[in-house]
Amino acid sequence: MSSKEKPTLGGTRIKTRKRNIAAPLDPAAFADAVVQIYLDNAGDLELVAKNLESSDLNFSRYGDTFFEVVFTGGRTQPGTIKPDEGERHPYSVIECEAKREAILPSVIYIQKILRRRPFLIKNLENVMQRLLQSLELFEDNERKKLAIFTALAFSQKLSGLPPETVFQPLLKDNLVVKGLVLSFITDFFKEYLVDNSLDDLISILKRGKMEDNLLDYFPSAKRSPEGFSEHFTKEGLVPLVEYNEKKIFEVKLKEMKSALTTQIAEESDISEVIENVKQRVKDAKLPDIEVVRILWDVIMDAVQWSGKNQQQNANSALRQVKTWAKLLNSFCSSGKLELELMYKVQMQCYEDAKLMKLFPEIVKSLYDQDVLAEDTILYWFRKGLNPKGRQTFVKALEPFVNWLEEAEEEE
């Protein structure tokens, strides 16, 4: 027999890496465990929070499931709010009374959970969005509970809950058309304003990008400024109605000012400008005093000022007054409105250094163009109420007033 060594296969042994085998998702077991903690502590949320804290439950994996249990008492079927199989408890937000004192403990409880596990805020957003987009599947009383919870959540400044999480999901056509969204936000507004100011509410609406779009929550048949006022007045939310009316008023003023600025810059025919302003005043029901103020602002904003050349500035301002005097005259239709125009001129001359010395010349020009009556000028001179720069302007206007009084005596 040969003593030679038998040949062997050579090579390098390759070490294989062990793979982590992911444990299968088991939200049902997680939900049952949370429900059991609720049941064991008879719904005492303080004790529930303590037991959850000491448990080894995987909140990072089952955050959505946890908030389903909090809101509805158990797990819900995917994409709906219908109960899924498994244990349930009767201490959820949906099961409690539709009163703030009954719902507030749940808000405080969630706040405690979020302080310990801030990553859960995203899961809270997910579940709230799903619930709000499913409002039609709830009873009226249950929708009210959700509205109260949401109001209290913002009132208590629930950790990191962004307003758009609440307001944007509500803009579903099928919910809006049925009036469910309007009912929800009405309950929300009423509850939130118990502890907070209207300014606080407006701040939330701004952050939720809804301050200018509240009418989007109204069914199309009621979607009008009148519908807004009627609904919220009936619900006792008069400050909100007043705020909205003021906002609409400011928008209409801004629109008129913009249109007028364009026409004056383009040197449109003055009769056309007058008709345009009259139509806008009629359509928007703008008060005469505001119209006079805007007219003066726009006319003077269109002046081409020339730096420090005082005489040139004076000529430009007076030329502008003369050009648009007919426009001013059309709307200064009473002594009260003429006086308002004088106060407006006074304030602008007081606030703008280059106009300070022009006050008497502007007043005289307005008098010459029949915009200001003699009685108005004399009344302002003797009894004017606005103190801004008054002493300076009275002194500067004195020669012209003396001339008026002399002319009156001669007549």
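Select Cys349 to begin: at 1% relative accessibility this residue counts as buried, where buried means under 20% relative accessible area, exposed over 50% and partly exposed in between, computed with a 1.4 Å probe on protein chains only. The model on display is predicted, so local features need pLDDT of at least 70 and side-chain atom pairs count only at pLDDT 80 or more, while totals for chains, interfaces and linings use all residues. Residues are numbered from 1 along each chain as its sequence is written, and side-chain values use heavy atoms, with hydrogens and water left out.

**Cysteines**

Add Cys332 to the selection; Cys332 is buried as well, with a relative accessible area of 4%. How many disulfides does the structure hold? It holds zero, a disulfide being a pair of cysteine sulfur atoms within 2.5 Å. The cysteine sulfur closest to that of Cys332 belongs to Cys349 and is 15 Å away, which is too far for a bond. Seen from the other side, Cys349 is in no disulfide, and its nearest cysteine sulfur is that of Cys332.

**Aromatic rings**

Next, display the side chains of Phe154 and Phe167. A pair of aromatic rings is described by the distance of the centres and the angle of the planes. Here, rings of Phe, Tyr and Trp (its six-membered ring) pair if their centres lie within 6.5 Å; planes under 30 degrees apart count as stacked, over 60 as edge-to-face and the rest as tilted. By this rule the structure has 20 aromatic pairs. One of them joins Phe154 and Phe167, stacked at 6.4 Å centre to centre with 5° between the planes. Phe154 belongs to helix H6 and Phe167 to helix H7 (residues 164–167), so this pair ties together parts that are 13 residues apart in sequence. Helices (H or I, at least four residues) and strands (E, at least two) are DSSP runs, numbered from the N terminus. Both Phe154 and Phe167 are buried.

Keep Phe167 and add Phe188. These two rings form an edge-to-face pair, 5.7 Å centre to centre and 85° between the planes. The pair links distant parts of the chain, since Phe167 is in helix H7 and Phe188 in helix H9 (residues 180–195), 21 residues apart. Phe167 has a relative accessible area of 1%, and Phe188 is buried at 0%. To see the wider group, select Phe154, Phe167, Phe188, Phe189, Tyr192, Phe218, Phe228 and Phe232, which ring pairs link into a cluster.

**Around helix H7**

Select Val166, which is located in helix H7 and is buried at 0% relative accessible area. Its C-alpha is 9.6 Å from that of Gln133, although Val166 and Gln133 are 33 residues apart in sequence. Then move to Leu161, in the loop between H6 and H7. Leu161 is buried, with a relative accessible area of 4%. Leu161 and Ile121 are 40 residues apart in sequence, yet 6.9 Å separates their C-alpha atoms.

**A cavity between helices**

Rolling a probe the size of a water molecule over the atoms shows where empty space is left. On a 1 Å grid over the protein atoms alone, a cavity is a set of points where a 1.4 Å probe fits but cannot get out, and a pocket is an open set with protein on both sides within 12 Å along at least five of seven lines; lining residues have an atom within 4 Å of a point. Grid points are joined across faces, edges and corners, and a volume is the space filled by probe spheres set on the points.

The structure holds two cavities of 30 Å³ or more. For the second largest, of about 30 Å³, select Phe71, Met128, Leu131, Leu132, Leu146 and Thr150, which line it. Helix H5 (121–132) and helix H6 (140–155) each supply at least two lining residues, and H5 gives the most, with three. The lining of this cavity comprises five nonpolar residues, one polar and no charged; Ala, Val, Leu, Ile, Met, Phe, Trp, Tyr, Cys and Pro count as nonpolar, Asp, Glu, Lys and Arg as charged, and the others, Gly among them, as polar.

**The largest pocket**

Now select Pro225, Glu226, Ser229, Glu245, Ile248, Phe249, Lys252, Asp283, Ala284 and Lys285, the lining of the largest pocket. Its volume is about 260 Å³. Helix H11 (225–234), helix H12 (238–265) and helix H13 (270–284) are the elements that give two or more residues to this lining, with H12 giving the most, four residues. The lining of the largest pocket divides into four nonpolar, one polar and five charged residues.

**Last stop**

Finally, select Arg390 and Trp380. The charged end of Arg390 sits over the ring of Trp380, 5.1 Å from the ring centre; the criterion is NZ of Lys or CZ of Arg within 6 Å of the ring centre and within 35 degrees of the ring normal.
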